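Got your viewer open? Let's take a walk through this model together, one selection at a time.

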Amino acid sequence: MAVQTEKSVEGLLLYLAVLRAGYVYLPLNTAYRAAEIDYFIGNAEPSVVVCSGRNFGWVSKIAFQAGTAHVFTLNEDRTGTLLDRAAPQPDTHQPAQKWADDLAAILYTSGTTGRSKGAMLTHGNMLSNARTLKDYWGWRSPEDGGDVLIHVLPIFHVHGLFVASHGALINGSKMIWFAKFDSAAVVKRLPEATVFMGVPTLYVRLLGEAGFGREACRNMRLFIAGSAPLLIETFNEFRERSGHAILERYGMSETVMLTSNPYHAKDGERRGGTVGFPLPGVGLRVSDDKGAPCPTGEIGGIEVKGPNVFKGYWRMPEKTKEEFTADGWFKTGDVGKIDERGYVTIVGRSKDLIITGGYNVYPAEIEGYLNEMDGVAESAVIGVPHPDFGEGVVAVVVAKPGAKPEAAALIAALKGKIANFKVPKHCFVVDALPRNTMGKVQKNLLREQHKGLFGG
Ligand code: AMP
């Protein structure tokens with residue numbers, strides 16, 4: 001069942017109902033338009049499509065043409081043909097029996113580096129991860145005072161649907177449900193909550209609220225961030241303002257959650273700029289280009305194994321084979337390192353790695369230096385075709401409000417800090433970086449925009 005609806009409580013119930021009935025759930029980003037929906041429906045061939053009433057015209061046309069038998073609507077205001085059809089049905093039912101290895105959901109990857117692939121997740125993948133996180137993040141049982149989660153994330157993505165919803169549901173916790181993130185409204189409700197999960201941009205927006213501080217956070221137990229890198233500056237400012245060290249974790253559609261900074265102080269400190277330790281039961285290793293293990297602290301490709309790792313890409317057996325090593329580890333496509341204490345740091349996606357004049361340049365390293373410079377809010381470093389070097393390094397920088405950093409001065413400052421081949425040949429100062437709905441910088445768009453820069 002493919003579902004593209006605005007976030008609603010009924011939308012969450014629909015997800016749970018699909019699982020209980022033993023069907024397979026396929027959530028779709030609400031931002032997707034005709035060409036994308038055409039691809040997903042054509043590729044997945046769902047029997048049922050559920051969409052917003054206002055999109056029924058074009059979505060149903062695509063679905064019926066692809067052979068979908070039923071198209072229903074579900075709206076934010078509790079209307080729609082799905083609810084009309086459900087109303088006369090009995091309230092009791094028998095959940096279907098499913099095994100751990102049975103397919104539960106297909107999540108199309110966000111595709112910032114190519115055509116989206118449908119990651120097949122099983123009941124076992126999701127249950128094992130939910131149980132691990134319940135323990136690792138110290139969820140409080142309802143008898144023990146209970147936790148209350150502020151749910152602000154979309155429910156078409158692993159973060160909001162699995163990590164947040166499963167976390168609260170498996171623990172029997174209340175959720176304060178926001179259809180959309182609204183920083184002022186969230187700050188008002190914070191005193192009623194104990195747990196918050198967000199992508200880094202949401203933390204930046206909370207910090208922009210004058211009313212956000214220790215008082216608003218007085219009952220909070222835990223702030224969790226993920227889906228994109230949390231800037232160390234945000235981590236530090238948040239700790240100063242709220243008294244809370246944000247717990248950063250790392251995961252992906254194909255694997256649900258992989259690593260987490262520690263929750264309990266006895267397990268170590270929460271270190272900004274890292275994504276913590278592999279979760280219990282998850283194997284994580286860093287390998288070089290030839291598949292050999294990298295020594296501690298060396299950068300390489302991150303590979304993982306565990307009960308949380310997906311079954312493969314829907315109808316792409318070749319692609320699936322390519323993404324697993326001969327000994328069964330999944331190649332995440334992320335590049336990173338493990339330090340001597342076991343903390344994992346993500347340096348970027350392997351596809352974002354820049355090779356200039358034969359040298360590897362890791363964008364995160366240069367972004368780190370740029371972000372520390374006066375007047376810089378954030379940055380993205382990319383490689384674009386260059387006739388001599390293969391790729392030329394280019395920086396795109398966002399200024400802090402009111403600041404006017406000079407591109408030439410930033411480049412000059414970098415020259416004193418890092419090897420010349422890493423120094424961007426061009427630097428653009430812009431108002432904002434292009435991001436998708438999960439807060440990830442769309443470097444593919446930046447590369448496209450600047451591809452002719454060196455006439456390469
Ligand atoms: P998605 O499948 O849309 O959840 O995207 C997963 C990707 O997001 C990962 O492979 C990472 O590249 C990135 N990601 C997730 N969490 C983090 C994090 N805490 N820090 C840096 N990158 C992250």
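How do the residues of the lining of the second largest pocket divide into nonpolar, polar and charged? Hold that thought while we find the place. Keep in mind that you're looking at a predicted model.

**Stop 1: the second largest pocket**

This pocket contains about 1200 Å³ of space. Select Leu14, Ala17, Val18, Ala21 and Ala86: out of 32 lining residues, these are the closest to the pocket's centre. Next, color helix 1 (9-20), helix 4 (81-86) and strand 5 (103-108), the elements that give two or more residues each to the lining. Helix 1 contributes the most, with seven residues. And the split you were asked about? The lining has 22 nonpolar residues, along with five polar and five charged ones.

**Stop 2: just before helix 1**

Now select threonine 5, in the loop between strand 1 (2-4) and helix 1. Is threonine 5 buried or exposed? Its relative accessibility is 11%, and the cut-off for buried is under 20%, so threonine 5 counts as buried. While you're here, add cysteine 294 to the selection and draw a line from C-alpha to C-alpha. The two residues are 44 Å apart in space, with their positions 289 residues apart in sequence.

**Stop 3: two loops, two unusual backbones**

Go to arginine 78, which sits in the loop between strand 4 (70-73) and helix 4. Check its backbone angles: phi is positive, about 60 degrees, although arginine 78 is not a glycine. Its relative accessible area is 60%, and anything over 50% is called exposed, so arginine 78 is exposed.

Then jump to serine 227. You'll find serine 227 in the loop between strand 10 (222-225) and helix 9 (232-242). What is the sign of phi at serine 227? It is positive here too, at about 85 degrees, and serine 227 isn't a glycine either. The surroundings tell another story: with a relative accessible area of 15%, serine 227 is buried, whereas arginine 78 is exposed.

**Stop 4: the largest cavity**

Time to look for a hidden space. How many cavities of 30 Å³ or more does the structure hold? The count is one. The largest cavity has a volume of about 60 Å³. To see what surrounds this space, select Met126, Asn129, Ala130, Leu133, Phe162, Val163, His166, Gly167 and Val256, which line it. By class, that lining has six nonpolar and three polar residues, and no charged ones. Which helices each supply at least two residues of the lining? They are helix 5 (123-136) and helix 6 (158-170).

**Stop 5: where helix 5 meets helix 6**

Keep those two helices on screen and hide the rest. The axes of helix 5 and helix 6 come within 9 Å and cross at roughly 70 degrees. An angle from 65 to 115 degrees counts as roughly perpendicular, so that is the label for this pair. Turn the view so one helix lies in front of the other: the crossing is right-handed.

Stay on helix 5 and pick aspartate 135, which lies in this helix. Aspartate 135 has 63% relative accessibility, so it counts as exposed. For another distance check, add asparagine 444: the C-alpha atoms of aspartate 135 and asparagine 444 are 37 Å apart, and the two residues are 309 apart in sequence.

**Stop 6: one last residue**

Finish at valine 204, in helix 8 (residues 200-207). Its relative accessible area is 47%, so valine 204 falls in the partly exposed class. Now select serine 183 as well. How far apart in space are valine 204 and serine 183, C-alpha to C-alpha? The line should read 9.7 Å, and the two are 21 residues apart in sequence.

Terms used: Residues are numbered from 1 along each chain as its sequence is written. This is a predicted model: local features need pLDDT of at least 70, side-chain atom pairs count only at pLDDT 80 or more; totals for chains, interfaces and linings use all residues. Side-chain values use heavy atoms; hydrogens and water are left out. On a 1 Å grid over the protein atoms alone, a cavity is a set of points where a 1.4 Å probe fits but cannot get out, and a pocket is an open set with protein on both sides within 12 Å along at least five of seven lines; lining residues have an atom within 4 Å of a point. Grid points are joined across faces, edges and corners, and a volume is the space filled by probe spheres set on the points. Helices (H or I, at least four residues) and strands (E, at least two) are DSSP runs, numbered from the N terminus. Ala, Val, Leu, Ile, Met, Phe, Trp, Tyr, Cys and Pro count as nonpolar, Asp, Glu, Lys and Arg as charged, and the others, Gly among them, as polar. Buried means under 20% relative accessible area, exposed over 50%, partly exposed in between (1.4 Å probe, protein chains only). Axes are lines fitted to C-alpha atoms, for helices over the stretch in contact, and angles run from 0 to 180 degrees between N-to-C directions. Angles under 35 degrees count as roughly parallel, over 145 as roughly antiparallel, 65 to 115 as roughly perpendicular and the rest as oblique. A crossing is left-handed if the near helix is turned anticlockwise from the far one by less than a right angle, and right-handed if clockwise.
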